[in-house]
Amino acid sequence: MAEKTHETTSGHSKRDEESGSRSSEELKRQKRKKIFIYIAIFAVFQVIVIAVFALVVMRVKSPKLRLSDIELRTLNTATSPAPTFDVVFGAEVRIKNPNFGPYKFETGVVSFTYEGIVVGQVLIPKGKVGMKSTKEVDVTVGLSSQNLAAVGNNNLGSELSAGILTLSSSTAIRGKVELLGIMKKNKAAEMNCFLAFDLASRMVRTLYCE
């Protein structure tokens with residue numbers, strides 16, 4: 001009887017050991033499985049971060065250029081013996097950099113025209129705009145109708161008689177956007193504006209840029 005009891009006890013012990021061993025192996029497998037899942041989640045997260053970084057941070061957009069805050073200083077016009085005008089005004093040229101890196105630009109020229117004929121120009125000195133910021137450049141603009149006399153056949157006389165003077169302005173400055181201190185991409189900022197002066201009130205009636 002004692003031997004049978006011993007054999008029975010020994011059999012139970014072996015089964016307990018085997019069961020414990022299987023449980024231990026199962027726990028190890030579950031642990032390894034969790035580790036693989038965590039690694040996979042981390043890898044997916046890294047891919048998402050890299051994709052967002054590439055699409056948002058590394059995507060380079062063209063800076064925007066705008067004419068604003070015009071302050072009229074001199075406005076002289078005449079309709080006879082020939083239609084003429086002389087205009088001087090102060091203005092602010094805004095260069096907006098939407099990128100995650102500074103924008104360094106070269107000197108640019110803003111041309112003001114009447115029906116396609118240049119009546120004045122002003123320089124924008126070279127400079128730098130920080131990332132996600134706007135740089136304001138103050139300029140003084142002088143315009144004259146002298147170049148229109150040789151062309152003729154324009155609507156200047158009719159406009160001045162109606163108490164209005166319409167002009168256009170355009171420019172393009174070239175520069176580079178620097179990313180992470182190592183990558184540089186060429187980008188140009190362009191501006192096309194339409195402005196109209198009210199001669200009676202001596203104020204800007206319309207200013208529209210695109």
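A salt bridge here is a side-chain nitrogen of Lys or Arg within 4 Å of a carboxyl oxygen of Asp or Glu. Keep that cut-off handy, and remember that this is a predicted model.

**Exercise 1. Find the salt bridges in the whole structure and work out which of them form a network.**

Step 1. Start with the count: searching the whole structure turns up three salt bridges.

Step 2. Take Arg94 and Asp69, whose side chains meet with N to O at 3.2 Å. Arg94 sits in strand E2 and Asp69 in strand E1, so this pair ties together parts 25 residues apart in sequence.

Step 3. Stay with Arg94: Glu92 also forms a salt bridge with Arg94, and here the closest N and O atoms are 2.8 Å apart.

Step 4. Now go to Arg205 and Asp198, where the side chains meet at 3.0 Å, N to O.

Step 5. Look for shared partners. Asp69, Glu92 and Arg94 are joined into one network that way.

**Exercise 2. Sort the salt-bridge residues: which are buried and which partly exposed?**

Step 1. The cut-off you need: under 20% relative accessible area is buried, over 50% is exposed, and in between is partly exposed.

Step 2. Run through the residues:

- Arg94, at 35%, is partly exposed.
- Asp69, at 49%, is partly exposed.
- Glu92, at 14%, is buried.
- Arg205, at 48%, is partly exposed.
- Asp198, at 17%, is buried.

**Exercise 3. Lay out the sheet that contains E1, E2 and E7.**

Step 1. Get the order: the three strands run E1-E2-E7 in an open sheet, with antiparallel pairing.

Step 2. Pick out the edges. Strand E1 (64-78) and strand E7 (133-144) each pair on one side only.

Step 3. Check the angle: neighbouring strands in this sheet are turned by 10 degrees against each other on average, ignoring direction.

Step 4. Zoom in on E2 (residues 84-97) and E7, which pair in the antiparallel sense over twelve bridges. For a landmark, find Lys96, which stands opposite Thr134 in E7.

**Exercise 4. Locate the disulfide and give its handedness.**

Step 1. The whole-structure search finds one disulfide, and the cysteines are Cys193 and Cys209, with S to S at 1.9 Å.

Step 2. Place them: Cys193 belongs to strand E9 (residues 183-198) and Cys209 to strand E10 (residues 203-209), 16 residues apart.

Step 3. Turn to the torsion about the S-S bond. For Cys193 and Cys209 that torsion is about 105 degrees, so the disulfide is right-handed.

Step 4. Finish with burial: Cys193 and Cys209 are both buried.

Technical notes:
Residues are numbered from 1 along each chain as its sequence is written. This is a predicted model: local features need pLDDT of at least 70, side-chain atom pairs count only at pLDDT 80 or more; totals for chains, interfaces and linings use all residues. Side-chain values use heavy atoms; hydrogens and water are left out. A disulfide is a pair of cysteine sulfur atoms within 2.5 Å. Helices (H or I, at least four residues) and strands (E, at least two) are DSSP runs, numbered from the N terminus. Buried means under 20% relative accessible area, exposed over 50%, partly exposed in between (1.4 Å probe, protein chains only). Two strands pair if DSSP finds at least two bridges between them. Axes are lines fitted to C-alpha atoms, for helices over the stretch in contact, and angles run from 0 to 180 degrees between N-to-C directions.
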